[in-house]
Amino acid sequence: MSYLAEAGYAAAVKLRCDPAGGAHPKKVKACRSLAAVGGDPSRLTPAPMMCTMEYAPVTAQVKGTWRGRPVNWSHKFGNRCDMHRTTGVLTAF
């Protein structure tokens with residue numbers, strides 16, 4: 001999984017589940033989060049928190065497989081806060 005901001009910064013980590021592994025700093029929680037939505041990041045429910053209205057676009061991406069099914073998801077958010085509000089622990093790296 002990765003994220004890339006139009007301002008030029010980027011980050012990426014590898015996450016494995018069953019058992020949890022990879023370089024993600026919160027791999028167990030991230031795997032639980034994915035399991036709760038059947039491996040489909042588009043089904044994540046945004047947290048009830050507020051973000052500023054600043055426009056600093058960032059695109060999150062999850063590519064790989066979930067229990068044998070391919071996953072290729074990306075979404076452009078208005079800023080990092082909105083990304084974290086929506087993706088939670090998945091992009092907490």
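Trainee: Leaving aside neighbours within four places in sequence, which residues is H75 in contact with?
Mentor: H75 is in contact with V58, T59 and A60 once those sequence neighbours are set aside. Keep in mind that this is a predicted model.

Trainee: Okay, and where does H75 sit?
Mentor: You'll find H75 in strand β6.

Trainee: Why does H75 count as partly exposed?
Mentor: Its relative accessibility is 39%, and the partly exposed class runs between 20% and 50%, so H75 belongs there.

Trainee: How far is H75 from Y3 in sequence and in space?
Mentor: The two are 72 residues apart in sequence, and their C-alpha atoms are 9.5 Å apart in space.

Trainee: Moving along the chain, where is N79?
Mentor: N79 is in the loop between β6 and α2.

Trainee: Is N79 buried or exposed?
Mentor: N79 is buried, at a relative accessible area of 4%. Not counting residues up to four places away in sequence, N79 touches C51, T52, E54, A56 and V58.

Trainee: What does the side chain of N79 reach?
Mentor: It reaches the backbone oxygen of E54, at 2.9 Å. N79 also caps the N-terminal end of α2, with a side-chain oxygen 3.1 Å from the backbone nitrogen of C81.

Trainee: Let's look at α2 itself. Which of its residues are buried?
Mentor: Helix α2 covers residues 80–87, and its buried residues are M83, T86 and T87. Looking down the axis of α2, those buried residues fall within an arc of 85°, so they line one face of the helix.

Trainee: And what do the buried residues of α2 pack against?
Mentor: They pack against three strands: β1 (2–5), β5 (58–66) and β6 (69–77).

Trainee: What follows α2?
Mentor: G88 does, and its phi is positive, near 60°.

Trainee: Now the other helix. Which residues of α1 are buried?
Mentor: In α1 the buried ones are A30, C31, S33 and L34. Down the axis of α1, its buried residues fall within an arc of 160°, so they line one face of the helix.

Trainee: Why would residues along a helix share a side like that?
Mentor: An α-helix has 3.6 residues a turn, so residues three or four places apart point the same way.

Trainee: Which residues are on the other side of α1?
Mentor: K29, R32 and A36 are there, and they are exposed. As for the buried residues of α1, what covers them includes β3 and β5.

Trainee: What about V28, where is that one?
Mentor: V28 is in α1 too, which runs over residues 27–36. V28 is partly exposed, with a relative accessible area of 42%. From V28 to G64 is 36 residues in sequence and 17 Å in space, C-alpha to C-alpha.

Trainee: Which residue takes a positive phi just after α1?
Mentor: That's G38, with a phi of about 65°.

Trainee: Switching to pockets: how much space lies in the largest pocket?
Mentor: About 300 Å³. The lining has 15 residues, and the closest to the pocket's centre are L15, L34, G64, T65 and W66.

Trainee: Which elements give two or more residues to that lining?
Mentor: β3 (15–16) and β5 do. β5 gives the most to the lining, with five residues.

Trainee: What's the lining of the largest pocket like by class?
Mentor: It's a mix of seven nonpolar, three polar and five charged residues.

Notes. Residues are numbered from 1 along each chain as its sequence is written. This is a predicted model: local features need pLDDT of at least 70, side-chain atom pairs count only at pLDDT 80 or more; totals for chains, interfaces and linings use all residues. Side-chain values use heavy atoms; hydrogens and water are left out. Buried means under 20% relative accessible area, exposed over 50%, partly exposed in between (1.4 Å probe, protein chains only). Helices (H or I, at least four residues) and strands (E, at least two) are DSSP runs, numbered from the N terminus. The arc is that of the directions from the helix axis to the C-beta atoms. Contact means heavy atoms within 4.5 Å. A polar contact is a pair of N or O atoms within 3.5 Å; within protein, one must be able to donate a hydrogen and the other to accept it, and residues adjacent in sequence count only if both atoms are side-chain atoms. On a 1 Å grid over the protein atoms alone, a cavity is a set of points where a 1.4 Å probe fits but cannot get out, and a pocket is an open set with protein on both sides within 12 Å along at least five of seven lines; lining residues have an atom within 4 Å of a point. Grid points are joined across faces, edges and corners, and a volume is the space filled by probe spheres set on the points. Ala, Val, Leu, Ile, Met, Phe, Trp, Tyr, Cys and Pro count as nonpolar, Asp, Glu, Lys and Arg as charged, and the others, Gly among them, as polar.
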